[in-house]
Amino acid sequence: MDAEPFREYTTEVRPEWIDYNNHMTDSAYAAVASEATEVFLATLGLSADYQAATGCTTYTAETHIYFKKEAALGARITVETVLVDTDPKRIRLRHTLATPDGPIATVESLYLHVNQHTGRVEPFPADRQHLLNEITTLHKELS
């Protein structure tokens with residue numbers, strides 16, 4: 001990771017995401033952000049393999065979507081992800097969804113680190129927290 005936003009997720013607007021107004025439905029913006037989050041978490045070592053090995057995972061606590069522009073069927077969406085903040089039990093991400101014509105939405109989400117065996121929010125392991133802190137420092141100027 002470096003001081004640039006994470007840009008590993010792209011997709012195209014799918015037919016099932018198109019509403020009767022002939023553009024991407026509001027829930028599809030959340031779906032794109034969720035898929036981008038999964039790619040980012042996998043890069044951090046916090047994906048399905050982490051959950052299987054530790055019994056811990058991340059749960060979405062809140063999400064805010066700021067709609068800027070419509071997206072049509074087949075439009076290519078690139079997502080830039082920034083780790084805005086972290087503490088021992090939480091991470092806050094900001095995704096900027098863009099087509100070649102520019103940004104279409106910003107999605108900000110708060111995730112909690114949950115132990116599924118206890119059902120409680122618990123601190124990340126030290127190695128994951130160290131990595132999260134490093135990336136947050138690198139991304140601080142992008143926030």
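F40 counts as buried, with a relative accessibility of 0%, and this residue offers a convenient way into a structure that, as the reader should keep in mind, is a predicted model.

**Aromatic pairs**

When the whole structure is searched, two aromatic pairs are found. In one of them, the ring centres of F6 and F40 lie 5.1 Å apart and the ring planes stand at 70 degrees, so the pair is edge-to-face, given that planes over 60 degrees apart are classed in that way. This pair links distant parts of the chain, since F6 belongs to strand 1 (residues 6-12) and F40 to helix 1 (residues 26-44), with 34 residues separating them. F6, like F40, is on the covered side of the cut-off: a relative accessible area of 9% makes F6 buried, because buried means under 20%.

The other pair is formed by Y29 and F67, which are also edge-to-face, with 5.0 Å from centre to centre and 90 degrees between the planes. Y29 lies in helix 1 while F67 lies in strand 2 (residues 56-67), so this contact ties together parts of the chain that are 38 residues apart in sequence. Here the two partners are described by separate terms, for Y29 counts as buried at 3% relative accessibility, whereas F67, with a relative accessible area of 47%, is partly exposed.

| Pair | Centre to centre | Angle between planes |
|---|---|---|
| F6 and F40 | 5.1 Å | 70 degrees |
| Y29 and F67 | 5.0 Å | 90 degrees |

**Strand 4 and its neighbours**

How many of the 10 residues of strand 4 (residues 90-99) are buried? Seven of them are, and the strand is accordingly described as mostly covered.

Strand 4 is paired with strand 3 (residues 76-87), to which it runs antiparallel and is joined by nine bridges. Within this pairing, T96 of strand 4 has E80 standing opposite, and the connection from strand 3 to strand 4 is a hairpin that passes through two residues.

Strand 4 is also joined to strand 5 (residues 102-115), by 10 bridges and again in an antiparallel arrangement. One position in this pairing is R92, whose bridge partner in strand 5 is L110. Strand 4 and strand 5 likewise form a hairpin, with two residues between them. As background for reading such strands, side chains in a regular strand alternate between the two faces of the sheet.

Taken together, helix 1 contributes F40 to the pair with F6 and Y29 to the pair with F67, while strand 4 has antiparallel bridges to strand 3 and to strand 5.

Terms used. Residues are numbered from 1 along each chain as its sequence is written. This is a predicted model: local features need pLDDT of at least 70, side-chain atom pairs count only at pLDDT 80 or more; totals for chains, interfaces and linings use all residues. Side-chain values use heavy atoms; hydrogens and water are left out. Rings of Phe, Tyr and Trp (its six-membered ring) pair if their centres lie within 6.5 Å; planes under 30 degrees apart count as stacked, over 60 as edge-to-face and the rest as tilted. Helices (H or I, at least four residues) and strands (E, at least two) are DSSP runs, numbered from the N terminus. Buried means under 20% relative accessible area, exposed over 50%, partly exposed in between (1.4 Å probe, protein chains only). Two strands pair if DSSP finds at least two bridges between them.
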